[in-house]
Amino acid sequence: MKKKFFNAKIYRNDTATEMIVEDGKITHIGTNLPKCEEEIDLEGKLVMPPYVDPHLHLDYVYTLSELGQEGAGSGTLFEAIELWPKFKETLTVESVKRLALKGIKDEVSQGVQHIRTHIDVTDPNFTALKAMLEMKEDLKHLVDIQIVAFPQEGMYMFKGGRDLVEEALKMGADAVGGIPHYEPAREFGEKSVHDIVELALKYDKLIDVHCDETDDPHSRFLELLNALVLMEGYGSRSTASHTCSFGSADDSYAFRMMDLFKKSKLNFISCPTENAYLQGRQDTYPKRRGLTRVKEFLESGINVAFAQDSINDPWYPMGNGNMMNILDNGIHLAQIMSPEEVKTNFDLITYNGARCLNIQDGYGLEVGKRANFIVLNESSVYEAIRKRVDVLASVRGGEYLFKRKETEYDISLEL
Ligand SMILES: [Zn+2]
């Protein structure tokens, strides 16, 4: 059956106000389109492709409160990594699924339809990976999930870590992960970056590395990762997550590197709330806030997206899957609120994330693409961001995943 969604304000499209959907795909987009059997009035609201959360740890969500360990300590990154094995030993396939489902529901109910999740594979039983591979299939009607084989405790710091990553790729993980700044010496961090690229090429997988998630400006695994994917022509299939240390790099180095990032087409993911919380812990004042050079990446045409990273886990006690919250924090920390910048700020949680995930061919509001979109409770981009508006509806394959009412008042404020 043909369906027409009309009276829409379509993000990054100044003319079209209507879309026709048939068999789950967008068949027309424009104005004054032919009549359809079913017509849905979107009341002038802003319509955009679904939010993308390109970096989330679904095997960690809610472990902080639900598994009742001793809490997240003082809240530094390295301390949380040390705490994690105690949590990990209590996981079962069922517990991972139960908690991950809560996290997925948080995200999907707020407009996310694409999640890239890092799953810890420094576990010879692959408990979390097995759970997530099943969930990925079972939840296809709600959300597209990409799985990164992530060696949380290191490829070398954890004995046999590299081989576990390889095994996870054979089991069906979509991307190779890594954590070079956590390896016990620079040499092993570098070795792990070589391994990551070799494994990706060998198994035809994407790359997404937790890279230089430290304030140490001498942590430069990003330089090596970029060089390797540049030489292999693999940058657009590769992502460097976090890259906090690049926010502490001096300009002469940073601008030389940004030229090389442009050449390689490497993607970046910044987790603004998480890293604002975790970084700068050894600083007194001025205190760094953990952000990579988001503003300069955008100005240079280097692809960068924002992500949630954690929901209530040993790394970060907050988080609720609301990408609008991530965007709001991110544009403050990155100082990107000029009228020109605001026009495309939503790219940071939509199109740019889709590029990191390499799904851009099937993503977006264009004829021939899947009819996946969300409806925001505002008609202008600026007002939507300023008011941090809710997602009123999420549509997938032309069908509503959910639809919510605007807030109603029992007693409204009168002025
Ligand atoms: Zn992460």
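This section describes the overall form of the protein chain, a run of parallel strands, one helix and one buried histidine.

The model is predicted. In this model the protein chain contains 14 helices and 17 strands. For 415 residues, a compact globule would be expected to have a radius of gyration near 22 Å, and the value of 21 Å computed for the protein chain therefore agrees with such a form. Along the principal axes, the C-alpha atoms occupy a box of roughly 65 × 50 × 50 Å. Buried residues make up 58% of the 415 residues. Among contacts with a sequence separation of 6 or more, 76% are formed by residues 24 or more positions apart. The accessible surface amounts to about 17600 Å², and carbon and sulfur atoms contribute 49% of that area.

A succession of parallel pairings links strands β11, β12, β13 and β14. Strand β11 (residues 206–211) runs parallel to β12 and is joined to it by five bridges. Within this pairing, Cys-211 lies opposite His-242 of β12. The connection between the two strands involves helix α7 (residues 221–232), and β11, α7 and β12 together form a right-handed β-α-β unit.

Strand β12 (residues 238–242) in turn pairs with β13 in the parallel sense, here over three bridges. Ala-240 has Phe-268 of β13 as its bridge partner. A right-handed β-α-β unit is again present, composed of β12, helix α8 (residues 251–264) and β13. Five of the five residues of β12 fall under the 20% relative accessible area that defines burial, so the strand is largely enclosed by the rest of the structure.

Strand β13 (residues 267–270) is covered on both faces. Asn-267 and Ile-269 are buried on one side, while Phe-268 and Ser-270 are buried on the other. Strand β13 also runs parallel to β14 (residues 304–306), with three bridges between them. In this second pairing Phe-268 stands opposite Val-304. Phe-268 is thus matched with Ala-240 of β12 and with Val-304 of β14.

Helix α5 (residues 161–171) has a set of buried residues consisting of Gly-161, Leu-164, Val-165, Glu-166, Ala-168 and Leu-169. In an α-helix, residues three or four places apart point the same way, because each turn takes 3.6 residues. The elements that cover the buried residues of α5 include helices α4 (127–138) and α6 (186–203) as well as strands β9 (144–150) and β10 (175–176). Just after the helix, Gly-172 adopts a positive phi of about 130°.

His-57 is located in the loop that lies between β7 (51–56) and α1 (63–66). Its relative accessible area is 3%; because this value is under the 20% cut-off, His-57 counts as buried. When residues up to four places away in sequence are set aside, the residues in contact with His-57 are Thr-117, His-118, Phe-150, His-210 and Asp-309. Of these partners, His-210 falls within the residue range of strand β11 (residues 206–211), and Phe-150 within that of β9 (144–150).

Conventions
Residues numbered from 1 in each chain as written. Predicted model: local features only at pLDDT ≥ 70, side-chain atom pairs only at ≥ 80, totals over all residues. Heavy atoms only, no water. Buried < 20%, exposed > 50% of the residue type's maximum accessible area, 1.4 Å probe, protein only. Helix = DSSP H or I, 4+ residues; strand = E, 2+ residues; numbered from the N terminus. Pairing = 2+ DSSP bridges. Right-handed = clockwise from strand over helix to strand, strands pointing away. Rg over C-alpha atoms; globule rule 2.2 N^0.38 Å. Contact = heavy atoms within 4.5 Å. Areas by Shrake-Rupley, 256 points an atom, 1.4 Å probe, with all protein chains shown as cover.
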